[in-house]
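Thanks for coming. I will walk through one structure today, going from the annotated parts to the whole chain and then to single residues.

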Amino acid sequence: MKNAWVKRLRAGTAMLVTLGLVAPAPLLAQAAQREALVDLVNPLMGTDSDYTLSYGNTYPAVAVPWGMNFWSPVTGKMGSGWGYTYDANKISGIKQTHQPSPWMNDYAAFELMGTTGPLRIKQDERASWFSHKAEEAKPYRYKVYLADHDVTAEVVPTSRAAQFRFTFPESDDAHIILDAYNEGSMVNIDTKNRTISGYVRNNSGGVPHNFHNFFIAKFDHDFTVSRTWDQNWQLRDNSRSEGAHVGAVVSFKTRRGEQVGVKVASSFISPEQAERNLTQEVGSDSFAQTEAKARAIWETELSRIRVADPDKDARKTFYSALYRMLQFPRTFHEVDAQGKTVHYSPYDGQVHPGPMFTDNGFWDTWRAVFPFFALMYPDVDSQIMQGLVNTYKESGWLPEWASPGHRNVMIGSNSANLIADAYANGVRGFDVETLYEAMVKNATTSEGRPRDAKGNVVNAVGREGVEYYNRLGYVPYDVGINENAARTLEYATADFSLSRLAAMLGKKEDAAKYAKQAQNYRKLYDTQSGWMRGRNQDGSWSTPFNPLKWGDAFTEGNSLHYSWSVMQDVQGLIDLMGGDRKFVDRLDSIFTAPPLFDDSYYGQTIHEIREMQIVNMGNYAHGNQPIQHMIYLYNWAGSPWKAQYHVRDVMKKLYAPTPDGYPGDEDNGQTSAWYVFSAMGFYPVTPTVGQYAIGSPLFRNVQLALPNGKRLSIEAENNTADNVYIQSVTLNGKRHDKSWLSREQLIGGGTLRFVMGSKPNTAWASSKAAAPFSMSAPAK
């Protein structure tokens, strides 16, 4: 796949991002002439989190969009998923990180630290006090003053490389420490060429036996002293050390203000490829040049959506969320000596041609992140789909949570949703027949699934309980498969997506079969309680039943949350619940009920429960994904003004450009994607249909630079914090009285104009004919 991104050159910088090439001079000039959107981003948003309560569970990722490597300061202990937390007061270094979530933890990490004085190599001993007042976090640069050492450390990124700059005081004992971490590492110091090279093997699972991350670090100063340490923390004067946990130290004699630069790159393929990545992406560039290129890449990507509004905090939140959306899935491929795209496979351990992406939980991101890619980044989405084809060929299965290979986390068959949605929304350039085959395999058998290092089946891959599901129409409660009701509901949505793709590919029998299975949600609806409920193999209901019980039959939620997981047939759910009025009353009850819960399944109050409890929104748990679409369901039941109210209320109360700025785990861009879509005024609820339910636009004006070269201007007249209700809508001057927008309307460009007011217009888009798609409703 030589020059796979060349078609993108005219539209932006995805080629630069993925291949790590040079940003052309015009991009730098254009970025300088505009308002700097990238400097509205706060990478510290969401970092004030811990195990018990998440306001994002993020870390400040210094990276380029979809980069192979991120860099982040380290305040936590090696191996902790909470590598950086805002309330910490010491930093031990800046690490290369690939962590998609603290719950997944990191892999292939190593750390650089600048110190002075007597040499201390252990993480807690070398760590220095720091202050957020002397810390600068930008997507394209991180800078911090390490007070105990009187050293300023900085890093700027490319996709597979980075440049460090350490500013030292006057010292005869200035040091740069490279900690290669545990679980197997090697360092080698070449004093003549001023380099440290080696490998790290640390991981949290999902890797083949031959997994290595090879690195090289090139310094711009000669070393006065160089040493390594062994796995027993013993310093050695030798140049090479290999063991369970080793590292290297190079020392300098510095003047006050003297800066030592380090150019670093890595590769999952080979040491030679690591050096090639450094040459290709950094080469002879100065620190300032690498910073300027990273900044220009971010500015270009963020500028696809330009917001005009006097509320600067809301704008900061928007661009901080957009920054998070453009990080994952992570590029896992590299460019070889012939200029071809190749990748080390985290599935079979071999090097293969073509793209590969990783670090993504589809349970989260199918909902809004991937629909955003299909709308705004179809070429990136195409590359990701090609990567999924390669994953299937190399492992025999589609990934559901890859980091970097298959991981045994979460439920569902949600790869079907993002694949079918991509194809339905015009994404091409990938082998859709192979992906369809993989989707059918997921829906057909659970045999032959991957196994982890201990030989256990990775039951998050494919469909756990699929044989029961295909025989009974649901996964039973009493057969030892946990979260069975949630699985059933998610499989039914995936079957809808499968049926839609089958129809598009001319597979009529399959389309009818999976459309029928998409109605399996009905088998879990308990007419007596009015909620979805676990069901036993013999057809009886599971007992006792408490709709407030988290977990058990559901996933990180309860029946009140999962009962709305019928994205494919909201009208069918309305009918089950007794019609529009009862449906709306039930939606209302989620917000008005007290935040009661039953956490007995977990034996403790997990953070998702606590996040619901404390925000005074009843049982609405926006901090987790299963219910995030729920607000928009008012549109199906003739009450879109209620969606408008709640959408704006959530944006106002639960999001901010601050360290506590998210309502729960950010999760690979999904919680951000909800905000980005909602702030623009619409949200994708149902996969594959190319429709977006209308909410309440947050900004007075949004300009979308669409991938087809057209522009869409979204205007909201009279928009204020109080004027949250839509009075009327026009698209290119024509009245729009539906509570949804089509993909064709959006990509057609022009002007989408909302008139806002302080009181609901209950007549606007409230008829059944104005509602979005449902399987049980007439085609629109």
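Residues 273–758 are 39% helix and 13% strand, and the C-alpha atoms at the two ends of this stretch are 60 Å apart. The stretch comes from UniProt, where an unreviewed entry labels residues 273–758 "domain: Glycosyl hydrolase family". Please keep in mind that this is a predicted model.

The same record marks another stretch. An unreviewed UniProt entry places "domain: Glycosyl hydrolase family 92 N-terminal" at residues 40–267. In the model, that span is 2% helix and 45% strand, with its end C-alpha atoms 32 Å apart.

Now the whole chain. How many helices and strands are there in the chain? The count is 21 helices and 36 strands. The C-alpha trace spans about 80 × 55 × 50 Å along the principal axes. The radius of gyration is 26 Å, and this agrees with a compact globule, because a globule of 780 residues would have a value near 28 Å. Buried residues make up 65% of the 780. If we take the contacts with a separation of 6 or more, 70% of them are between residues 24 or more positions apart.

On the surface, the accessible area of the chain is about 26,500 Å², and carbon and sulfur atoms hold 48% of that. As for charge, the chain has 79 positive and 82 negative charges, and their mean positions are 5 Å apart.

Next, one helix in detail, α10. Nine of the 10 residues of α10 are buried, so the helix is mostly covered. As general background, an α-helix has 3.6 residues a turn, so residues three or four places apart point the same way. In α10, the buried residues are S415, A416, N417, L418, I419, A420, D421, A422 and Y423. What covers the buried residues of α10? The cover includes α7 (362–365), α8 (369–376), α9 (378–395), α11 (432–442) and α13 (484–504). After α10 comes G426, which has a positive phi, near 90°.

The loop that leads to α10 has a feature of its own. S403 and P404 are joined by a cis peptide bond, with omega about -15°. P404 sits in the loop between β26 (401–402) and α10 (415–424). Another cis peptide bond joins T543 and P544, with omega about -10°. In that case P544 is in the loop between β28 (531–532) and α15 (559–562).

Two further loop residues have backbone angles to point out. W66 is a residue other than glycine, yet its phi is positive, near 60°. Its loop runs between α2 (25–33) and β1 (70–74). Is W66 buried or exposed? W66 counts as buried, because its relative accessibility is 1% and the cut-off for buried is under 20%. N105, again not a glycine, has a positive phi near 65°. N105 lies in the loop between β3 (93–97) and β4 (110–116), and its relative accessible area of 17% means that N105 is buried too.

I will finish with two positions and their surroundings. The first is N360, in strand β25 (residues 360–361). At 3% relative accessibility, N360 is buried. Which residues is N360 in contact with, leaving aside neighbours within four places in sequence? They are F328, P329, T365, F370, E400, W401, A402 and N668. Along the chain, N360 and D667 are 307 residues apart, but their C-alpha atoms are separated by 8.6 Å.

The other position is L573, in helix α16 (residues 570–576). L573 counts as buried, because its relative accessibility is 1%. Not counting residues up to four places away in sequence, L573 touches Y521, M532, S563, W564, V566 and F583. One of these, M532, belongs to β28 (531–532). As for distance across the chain, L573 and S185 are 388 residues apart in sequence, and 55 Å separates their C-alpha atoms.

That is the end of the walk-through, and I can take questions now.

Note on methods:
Residues numbered from 1 in each chain as written. Predicted model: local features only at pLDDT ≥ 70, side-chain atom pairs only at ≥ 80, totals over all residues. Heavy atoms only, no water. Helix = DSSP H or I, 4+ residues; strand = E, 2+ residues; numbered from the N terminus. Buried < 20%, exposed > 50% of the residue type's maximum accessible area, 1.4 Å probe, protein only. Contact = heavy atoms within 4.5 Å. UniProt positions renumbered as here; feature names shortened; annotations may be inferred. Rg over C-alpha atoms; globule rule 2.2 N^0.38 Å. Areas by Shrake-Rupley, 256 points an atom, 1.4 Å probe, with all protein chains shown as cover. Lys, Arg positive; Asp, Glu negative; His and termini not counted. Charge placed at Lys NZ, Arg CZ, Asp CG, Glu CD.
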